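Student: I have a structure open on my screen and would like to learn how to read it. Could you take me through it one feature at a time?

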Amino acid sequence: MSDASQPDADDEFPIDVFDDDPDFDLRPGSDSCYKCSTCDTNCPVAEVDDDFPGPKFQGPEQWRLKQRDDEHTVDASVMDCSNCMRCDEACPADVPLSQMHNAARGEYVDGMSKLSVTYWRNRLLANYRTSAFLASKAPRLANAAMNFGPARWLLEKTMGITSEREFPAFATETFREWWTRRGGADGSRRRAQERRAARGDPRDADKKVAYFHGCYANYNTTAVGKAMVRVFEQFGYEVVVPEQKCSGTPMFANGMLEDARRHAEVNVSSMADLVDQGYDAIASCTSCSMALRQEYPELFDIEGVDEVAAHTFEAVEYLRVHEDLRGALADAEIDGALAEEFAYHAPCHARNQGLERQAVELFRELDGVGVTDVGDSCSGISGTYGWKAEKYDTSMAIGDEMFDHMEAAEGQTGMTECPTCAMQMEHGTGYEVRHPLELLDAALVA
Amino acid sequence: MPASPLTEAISVAIESDVLVIGGGLAGLTSALAAAREGADVRLVAAKQSTLRNASGLVDVLGYTADGEGPLVDPYDAIPNLPADHPYRTVGVDTVRKAMALFDEVTPRYRGGHTDANALLPTHGGTVKPTARYPAGVSDGIASDGRDALLVGIESMTDFDAPHVAAHLTAAGVPFDVRGVTIQFPGDLRADAAITRYAKLLDTNGTVTADGRECPVRAALADRVAAEHDGEPRIGFPAILGDDDPAEIRAALAERLDAAVFEVPMGPPSLPGLRLEDSLFAALDEAGVSIATGNPVVGYDGDGRVEQVYVEKNGARIPNSADQYVLATGGLVGKGIDSDRERVYEPVFDCHVAHADDRYDWFDREPFGNHDFARFGVHTDGDLRPVDGDDSVEFDNVRAAGSVLGGYDFAAEKSGSGVSIATGYAAGRSAARRAR
């Protein structure tokens, strides 16, 4: 090496050549991409859609193009990304692909005409919580009206919401109504203390969790929320159900970052207080846990956001870490309605949290049930994506492999952690779909 | 996310007899070997397996450490490798046993019938000595005298068929080879992912080609037939399906009346993906539990590792085992890392020997004798990493695959074999020592 190319020892390294950007800096992530294209081979949309350029373009390439050229606007194809986030786990160079996609999508939607039907359709779908809240006021009427043929035809023609799918049924009693009726936090504390006494745990053991039920377990599949509470209490945990809004998952996917931020602020604020008091946040929906853990800190600078992320867990994962769940299940047995063969599908967002094999491994030794993994394909619905009339065919083409594998697996019942994957599984096969928590409830509590 | 812990450690650990860290060929083999010994095995990997970046060819040893070769019999050459080479650590018998285990779980692989290397054409037009290869490439063997037609796909720049054919001819292959480039039937985008081609062929989807609708396999065969001049074998880039490539090759072969083979490609690669699927299926069957997507960021213990921490969005989740296998990869896989001061192993901070001056880490000639190519941990005879004084660093940690030092896999063509052999040895030994 010649002296000329030796760095001067007095220089500071690395040299900072770019201005500090007050927004999150996507440059290091973009620079880390070495174009191996592994992300593209993980993209379920690129596998079936010849118009979709794939995550490598949507993320680092598009970001770089925009730095050079003021005229370059975000390409419309970013709206074809389903936000499954598989590319994140795939990337060997830690490029924050989904963060880049979320940022680009937000920018694209910002530039969309606020008068367009698509914008309002997306906003309606993204704000599912609002619709669900209204429907829950008159669930029977809503259930009838929402699946009324002519109304659905009109919804497709005017709003672009596919009439191929049946709207999910609204529970006649929401999870929160059930929770209150059951005695709320005080009742939970009492039951947890009784269980701790029975288990031989210290009476004042520090076993406290805050349940993030999300919209779906509150308004639709309340059985999942109830199972969560019963199973955690069985292990001696006091459960609280704090004030909460939508996790934001459907809003990220539709580029509605401002809507998502409003909801995230409420969620982080209520969870941060509880984390301070020693609670951990537990979600039963893997997209909700994904949002609190990864999307919030990647997209929003909210006080306490990192602490909440570090204290958020998926429900079964939490028990697996903190309790001898394997031992408990080894002594348990399932009979009755859930003594079934299950075709299990791992949601993409579970995959991204390293949870894709959890259910299969956990129930491997549980007597009375069989759980078969139906493989690593995406279900294709990706929340609101498969509800859009123009995305419906892509959504079903992606789901095809999963439907085939479900039908090839033994049994006629499905299992997954994600409510919209469950919707797609049901839609494609006609199977009833259960959550692992329901199985734990049946094995350990019921 | 920052690597710093935001939470106090969670007290109860996820437990197993053997914990394997790393999801590449070495990690998967060691988990399989340990499970076969009856151990309760858990495998954690920071990311999705990197096998999809591998060509799918499984080499043992193509060239000596001095660059002699291509070698006919890799096993013959192993005893003459330098003493600190990982193959010397485990010995020839272990290499053979490890390859036998590999053969058992990869029914789609060929080459196990002989000790001799096969010579396979690569997508760059070179010929690579390799010990095992997917059945789908076997009709492409370079020592076969049959003439060949290579078919490239327009816009798939990684495989320029006329160029590959010219290179192979220059390399002196004993057959005539010709390359043509065709337009893939259907309206695929220019930068379509390889999985797009594979999916379309797997499902034999309908495409519009030359003004008519037709199943893609037939449409592809017809495009090739127009260029085919009676060559008895036809090679394609390795895009012929993910789920059942044999069926796709058979369909094309029947319509073309010629043997059909694939030429392995660079990353991301379908033969690599298929290998990943076979090995994960074998792990499943052996009852191994697997968690990918979150890195191991630290450990407790002194002289013996008590538990390691897997980081998830700022939470540190303890995983404890009796024995550990470190299979985190080399400089590319980040199992070995460096900064301006030093070269290090990030999980256990095992000793990595290197010159003090970083300008001595490499040779000035691009293809010179680079120190960095052999960076890695050194071990005792039981694959346990040793410090600068040759003392074992942790009683219960063994290292496998390219985190090991003392060999240059790229020059030797020994990457897969070393991973399989040391993975097997480390996994088996860990299981036998586990309580």
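Tutor: Let us begin with what it takes for strands to pair: two strands count as paired if DSSP finds at least two bridges between them. Keep in mind throughout that this is a predicted model.

Student: How many bridges join strand S7 of chain A and S8(A), and in which sense do the two strands pair?

Tutor: Strand S7 (residues 413-415) of chain A is linked to S8(A) by three bridges, and the pairing is in the parallel sense. Within this pair you can look for Thr413(A), which stands opposite Glu432(A) in S8(A).

Student: What is the order of the strands in the sheet that holds this pair?

Tutor: The order is S6-S5-S7-S8 (chain A), an open sheet of four strands with parallel pairing. Its edge strands, each of which pairs on one side only, are strand S6 (370-373) and strand S8 (432-434) of chain A. From one strand to the next, the twist averages 35°.

Student: Where else in chain A could I practise reading a sheet?

Tutor: Look at the open sheet of four strands with the order S2-S1-S3-S4 (chain A), where the pairing is parallel. Here strand S2 (238-240) and strand S4 (312-314) of chain A form the edges, each pairing on one side only. Neighbouring strands of this sheet are turned against each other by 35° on average, with direction ignored. Strand S3 (residues 280-283) of chain A runs parallel to S4(A) and is joined to it by three bridges, and Ala283(A) stands opposite Glu314(A) in S4(A).

Student: How should I describe two helices that pack together?

Tutor: Two packed helices are described by the angle between their axes and by the distance between those axes. In chain B, the axes of helix H1 (residues 25-36) and helix H9 (residues 270-285) come within 9 Å and cross at roughly 25°. Angles under 35 degrees count as roughly parallel, and H1(B) and H9(B) are therefore roughly parallel to each other. H1(B) passes H9(B) in a left-handed crossing.

Student: Which residues make the contact between H1(B) and H9(B)?

Tutor: H1(B) contributes Leu28(B), Ala31(B) and Leu32(B), while H9(B) contributes Leu279(B), Ala282(B) and Leu283(B). Sorted by class, this contact has six nonpolar, no polar and no charged residues.

Student: Moving to a broader view, what domains does the assignment give for chain B?

Tutor: The assignment for chain B gives domain 1 (14-109 + 273-433) and domain 2 (123-263), and the centres of these domains, taken over C-alpha atoms, are separated by 34 Å. Their contact takes 18 residues from domain 1 of chain B and nine residues from domain 2 of chain B. On the side of domain 1 of chain B that touches domain 2 of chain B, the elements giving two or more residues are helix H4 (92-105) and H9 of chain B.

Student: And what are the domains of chain A?

Tutor: For chain A the assignment gives domain 1 (24-110), domain 2 (117-159), domain 3 (175-322) and domain 4 (333-445). Between domain 1 and domain 4 of chain A, eleven residues of the one are in contact with eleven residues of the other, and on the domain 1 side these are five nonpolar, two polar and four charged residues.

Student: Finally, how many residues does each chain give to the contact between the chains?

Tutor: Chain B gives 36 residues and chain A gives 33 residues. The elements that give two or more residues on the chain B side are helix H6 (194-202), strand S13 (289-292) and strand S16 (315-326) of chain B.

Conventions: Residues numbered from 1 in each chain as written. Chains lettered and ligands numbered in written order. Predicted model: local features only at pLDDT ≥ 70, side-chain atom pairs only at ≥ 80, totals over all residues. Contact = placed C-beta atoms within 7 Å. Domains from an automatic or database assignment. Nonpolar A, V, L, I, M, F, W, Y, C, P; charged D, E, K, R; others polar. Axes fitted to C-alpha atoms, helices over the stretch in contact; angles between N-to-C directions. Parallel < 35°, antiparallel > 145°, perpendicular 65-115°, else oblique. Left-handed = near helix turned anticlockwise from the far one by under 90°.
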